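Please load the model in the viewer and keep the selection panel open. The tour below proceeds selection by selection.

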Amino acid sequence: MVRKWSVSRDQILQTCERKYFFQYLSGARMNSRDHMLREIAILKKINNTLAWKGKILHGIIADYYKKTFARESVSVEEIVKKVRDQIQKDISSSESFLSSNLEERLERAAHGEFVLLEHLCGGKGISMSDESIAHEIEESFGAFYEWQCAEGIDDLVTKSSRCWIEPDIFGKDAPVFDLDGVSVIAKVDLAIEDHLGNIIIFDWKTGKQIENSPSRMSHPELQASIYQLWPHIKYAKELDKIAARFVYIKKENIGFAEYRIDENKKEDVIGRVRRSISRMEYFDNTILGESQMKLGDSPTLALKDLNYSFFSWACTFCQYKIVCKRSLEQ
Ligand code: SF4
């Protein structure tokens, strides 16, 4: 039974059955006795360079707003210095993996040593030096900082009646709402409620801006709608008091898109989520069988029967590509 739903879970199921299985159904644990399950558990934690850079930028922005909200003095230079040190440490740890073989690399990653997917896979590694990565992140944060000052967002944060900054998805203030007994997760980056009860939700994007399509609901549109349904359903907030803003941060360029939903759109989105949950339940229960698929033999289906992704870009950035490559070679 599906207990949790999120836009990223939906996107993974649409992109690759194998990845969906590895991520959500395999039951992989660090102490799994099965070698492949242990490997999957280790790989789950590995980020590629793009995701790692995005996480660093998200971390700096969250740090900035937490201090702003607490009315602590914020030194942008200090934040940037901290991150520069972190980048150097991470890159030097990750590059040191290149001198080990794959088994040793996995073991080191299992013990918490930092490694990027590119280095774990033993490829050429990443083309940028720690200095140029730090410079790129500084530039992005600098542009973001100026943009947010001009938009008055720090002012909104300090004057807010409620503020969620990278909220945890567990606990009573979690950005989660219930739909037919399934917890729908809205992993927002920042949400602010002003003294008039208006809620603005922000999501910082470090990837490419995706155009909305007039014929079908785009990924950002679905994500923004889920964000808005969270205060609407959980806190009974009127839809016309909620907006979701996606901020695209790319070096010196800041792009911006605002989304608002009405009652009709709300019904569309809820229908879309229900269909996605049904598909997950069908995949989880009917195809895989009550007891879940085992990695080897199963009366219903084996791992080898699941589809590889049709999208080559999905494999390029996927942490499970070591496992898939090996399966294809067997
Ligand atoms: S490497 Fe490709 S086929 Fe394998 S799990 Fe990832 S996305 Fe799917």
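Select Arg-162 and Glu-193 together: Glu-193, in β5, is the bridge partner of Arg-162. The model is a predicted one. Extend the selection to strand β2 (residues 162-165) and to β5, and four bridges that join the two strands come into view. β2 and β5 run antiparallel.

Next, isolate β5 itself, residues 190-193. Are its faces covered or open? Both faces are covered. Leu-190 and Ile-192 lie on one side, Ala-191 and Glu-193 on the other, and all four are buried. Glu-193 is thus a residue to display twice, once as the bridge partner of Arg-162 and once as part of a buried face of β5.

Now add strand β6 (residues 199-205), which is joined to β5 by four bridges and runs antiparallel to it. Within this pair, select Ile-192 and find Ile-200 of β6 opposite. Then follow the backbone through the hairpin of β5 and β6, where five residues lie between the strands. Stop at Gly-197, which takes a positive phi near 90 degrees in this hairpin.

The following stop is another sheet. Select β1, β4 and β3, in that order: they form an open sheet of three strands with mixed pairing. The edge strands are β1 (4-6) and β3 (176-179), each of which pairs on one side only. From one strand to the next, the twist averages 35 degrees. As a general point, strands of a sheet pair through backbone hydrogen bonds, either parallel or antiparallel. For β1 and strand β4 (residues 182-185) the direction is parallel, and three bridges join them. To inspect this pairing at residue level, select Trp-5 and look for Val-184 in β4, which stands opposite.

Leave the strands and select Arg-272, located in helix α11 (residues 263-287). Why does Arg-272 count as partly exposed? It has 17 C-beta neighbours inside 10 Å, and that number falls between the limit for exposed, 12 or fewer, and the limit for buried, 20 or more. Apart from residues up to four places away in sequence, Arg-272 touches Met-217 and Leu-222. Place a distance label between the C-alpha atoms of Arg-272 and Leu-222: the value is 8.8 Å, although the two residues are 50 apart in sequence.

Proceed to the ligand and select the residues that surround it. Cysteines in this shell include Cys-16, Cys-315, Cys-318 and Cys-324. Also around the ligand are Arg-18, Lys-19, Phe-22, Tyr-308, Ser-309, Ala-314, Tyr-320 and Lys-321. Colour the shell by element: α2 (17-25), α12 (312-316) and α13 (321-329) each give two or more residues to it. Which element gives the most? It is α2, with three residues. Colouring by class instead shows eight nonpolar, one polar and three charged residues in the shell.

Finally, zoom out to the whole chain, which holds 13 helices and eight strands. Its C-alpha trace spans about 60 × 50 × 35 Å along the principal axes. The radius of gyration of the chain is 21 Å, which agrees with the value near 20 Å for a compact globule of 330 residues. Show the buried residues, and 28% of the 330 residues will be displayed. For a contact map, take the contacts with a separation of 6 or more: residues 24 or more positions apart account for 62% of them.

Notes. Residues numbered from 1 in each chain as written. Predicted model: local features only at pLDDT ≥ 70, side-chain atom pairs only at ≥ 80, totals over all residues. Near = placed C-beta within 6 Å. Nonpolar A, V, L, I, M, F, W, Y, C, P; charged D, E, K, R; others polar. Pairing = 2+ DSSP bridges. Axes fitted to C-alpha atoms, helices over the stretch in contact; angles between N-to-C directions. Rg over C-alpha atoms; globule rule 2.2 N^0.38 Å. Contact = placed C-beta atoms within 7 Å.
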